[in-house]
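Me: I have a protein model open and I'd like to learn how to read it feature by feature. Can you walk me through it?

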Amino acid sequence: MDTAPHPTATAAPAPGPTADALGVPAARARSAVLEELIRADPGRFRVLTGDRPTGRLHLGHYFGTLHNRVRLQDLGVETFVVIADYQVLTDRDVADDPAGHVEELMLDYLATGIDPARSTIFTHSAVPALNQLLLPFLGLVSVAELERNPTVKDEIAHSRQSSVSGLMFTYPAHQAADILFCKANLVPVGRDQLPHLEVTRTVARRFNDRYGAGTAVLPRPEALLSSAPLLLGTDGAKMGKSRGNAIALAADADETARLIRGARTDAERHITYDPATRPEVSSLLLLASLCRGGTPEEIASGIGGGGAAALKRTVTEAVNEHLAPLRARRAQYARDRGQLRRILRDGNARAAAVADATLAEVRAAMGNDY
Ligand code: TRP
């Protein structure tokens, strides 16, 4: 996949904290340098990334992050993927059907091409030593710092919960444990995660200063900002899991065709790529371009006066063709739930061994090795 910034299919400013508040410009510049370093020597990097298990991922996730993880894995970067089954408790009182959501997420990962022979997929709740790191890490951040986190503030503002839990404020320190337990030095993230990465870097720096006696016990990981294209949902608003406008990665060819057929377009028959004035049509063109290559403009001129119906046919064909191998892989894994469970158990065991080793170093550095 190319790494040039994708055009975005909307002119509207992104909601939530501003790019500057999140530290986007600096992260973007550094990410370009990191891409060069990764290509030159993938062996010096270790990636940790992950998701909250909240349901099926959609095409926005796929082109935004999943695809990029597989690219890094395939370049030879060692990869850990956390299924954040504790962090998910920040925005709900009870996790409904955690096992089902974990399974769905694993199928999304495996379908996309995360290879369990090369990458470690694990869940928070099965790695005790990772969770124990949270306690010393919490001692390294101030309440004021936790309260200032722009992503946490945004999540609280949009929360449907009647009260804010302690986990909501402290999960960025827990996320530092996700990243540092395996000494990851590279974290591919979207812009909303940059503040959390800053917490991780702060924790690592303070830990080393306070307990390291001149050595870097913990690395200071860097963000690799993914140039996520902004795909709109079928209703023209941002594609979102809970908005009823997403095309799930797990959707079959017929459902995908139906969703795209029902997508909002506009009355102009001649198809052109113009994200500012024609966001819905442009997002569909962008989707086709991501699936089959070529620029959105080229795809638009191929359709010309064919109107929305021809546009939708083109997009459906492009999506279904691109997803065919992913669907085949998903079906293969979905047939054997025992194998899925084994993959997760293996991943959890590998992650637990790595976490035990890091915790032992942390305890030794802190003088707790008795
Ligand atoms: N906070 C991430 C999200 O909401 C999920 C996540 C948990 C994560 N632990 C992580 C991402 C560690 C990167 C690194 O999507």
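Reply: Let's take the domains, the cores, a helix, the ligand site and some single residues in turn. Keep in mind that this is a predicted model.

Me: Start with the big picture. Which domains is the protein chain divided into?

Reply: The protein chain has domain 1 (19-228 + 337-366) and domain 2 (241-331). Their centres, taken over C-alpha atoms, are separated by 31 Å. At the contact, 18 residues come from domain 1 and 15 residues from domain 2.

Me: Next, the cores. Which residues touch the most other members of the largest nonpolar core?

Reply: The general idea is that nonpolar side chains tend to be buried together in soluble globular proteins. Here the largest nonpolar core has 47 residues, and Leu 59 and Leu 285 touch the most other members. At least two residues of this core come from each of α3 (59-75), β2 (78-83), α4 (98-112), α10 (253-261), α11 (279-292), α12 (296-303), α13 (307-334) and α14 (337-365).

Me: Why does this core lie between the two domains?

Reply: Domain 1 and domain 2 both give residues to this core, so it lies between them. Apart from it there is another core, of 38 residues, with Phe 122, Ile 179, Ala 204 and Leu 225 among them.

Me: What does Leu 285 touch?

Reply: If you skip residues up to four places away in sequence, Leu 285 touches Ile 271, Thr 272, Tyr 273, Pro 296, Ile 299, Ala 300, Ile 303 and Leu 311.

Me: Now helices. What length should I expect for α14, and how far does it reach?

Reply: Check the end-to-end span against the rise per residue. α14 has 29 residues, and from its first C-alpha to its last it reaches 42 Å, close to the 42 Å expected at 1.5 Å a residue. Just after the helix, α14 is followed by Gly 367, with a positive phi near 80 degrees.

Me: What do the buried residues of α14 pack against?

Reply: The buried set includes Leu 340, Ile 343, Leu 344, Gly 347 and Asn 348, along with Ala 351 and Val 362. The buried residues of α14 pack against α4, β3 (119-123), α5 (128-138), α8 (166-180), α9 (194-211) and α13. You can look from the other side too: what covers the buried residues of α5 includes β3, α8, α9 and α14. In α5 those buried residues are Ala 129, Leu 130, Asn 131, Leu 133, Leu 134, Pro 136 and Phe 137.

Me: There's a ligand as well. Which residues surround the ligand?

Reply: List the neighbours, then look for polar pairs. The ligand is surrounded by Leu 48, Gly 50, Arg 52, Val 82, Ala 84, Gln 87, Gln 175, Asp 178, Val 187 and Gln 193. For the polar pairs, a nitrogen atom of the ligand is 2.7 Å from an N or O atom in the side chain of Gln 87. A ligand nitrogen is also 3.0 Å from a side-chain N or O atom of Gln 175, and one is 2.7 Å from a side-chain N or O atom of Asp 178.

Me: On to single residues. Is Thr 49 buried or exposed?

Reply: Compare the relative accessibility with the cut-off: buried means under 20%. Thr 49 has 4%, so it counts as buried. Thr 49 lies in strand β1 (residues 46-51), and beyond its neighbours within four places in sequence it is in contact with Arg 69, Phe 80, Val 81, Val 82 and Pro 188.

Me: And is Lys 312 buried or exposed?

Reply: Lys 312, found in helix α13, is buried, with a relative accessible area of 12%. Lys 312 and Ile 260 are 52 residues apart in sequence and 6.3 Å apart in space, C-alpha to C-alpha. Setting aside neighbours within four places, Lys 312 is in contact with Ile 260, Arg 261, Gly 262, Ala 263 and Thr 265.

Me: What about the backbone: what is the phi of Ala 213?

Reply: Look for positive phi in residues other than glycine. Ala 213 has a positive phi of about 45 degrees. Ala 213 lies in the loop between α9 and β5 (222-225) and is exposed, with a relative accessible area of 77%. Asp 97 is another case, with a positive phi near 50 degrees, and is found in the loop between β2 and α4.

How values were computed:
Residues numbered from 1 in each chain as written. Predicted model: local features only at pLDDT ≥ 70, side-chain atom pairs only at ≥ 80, totals over all residues. Heavy atoms only, no water. Core = buried A, V, L, I, M, F, W, Y, C linked by side-chain atoms within 4.5 Å. Buried < 20%, exposed > 50% of the residue type's maximum accessible area, 1.4 Å probe, protein only. Helix = DSSP H or I, 4+ residues; strand = E, 2+ residues; numbered from the N terminus. Domains from an automatic or database assignment. Contact = heavy atoms within 4.5 Å. Expected span 1.5 Å × (residues − 1). Near = heavy atom within 4 Å. Polar contact = N/O pair within 3.5 Å; in protein donor to acceptor, adjacent residues only side chain to side chain.
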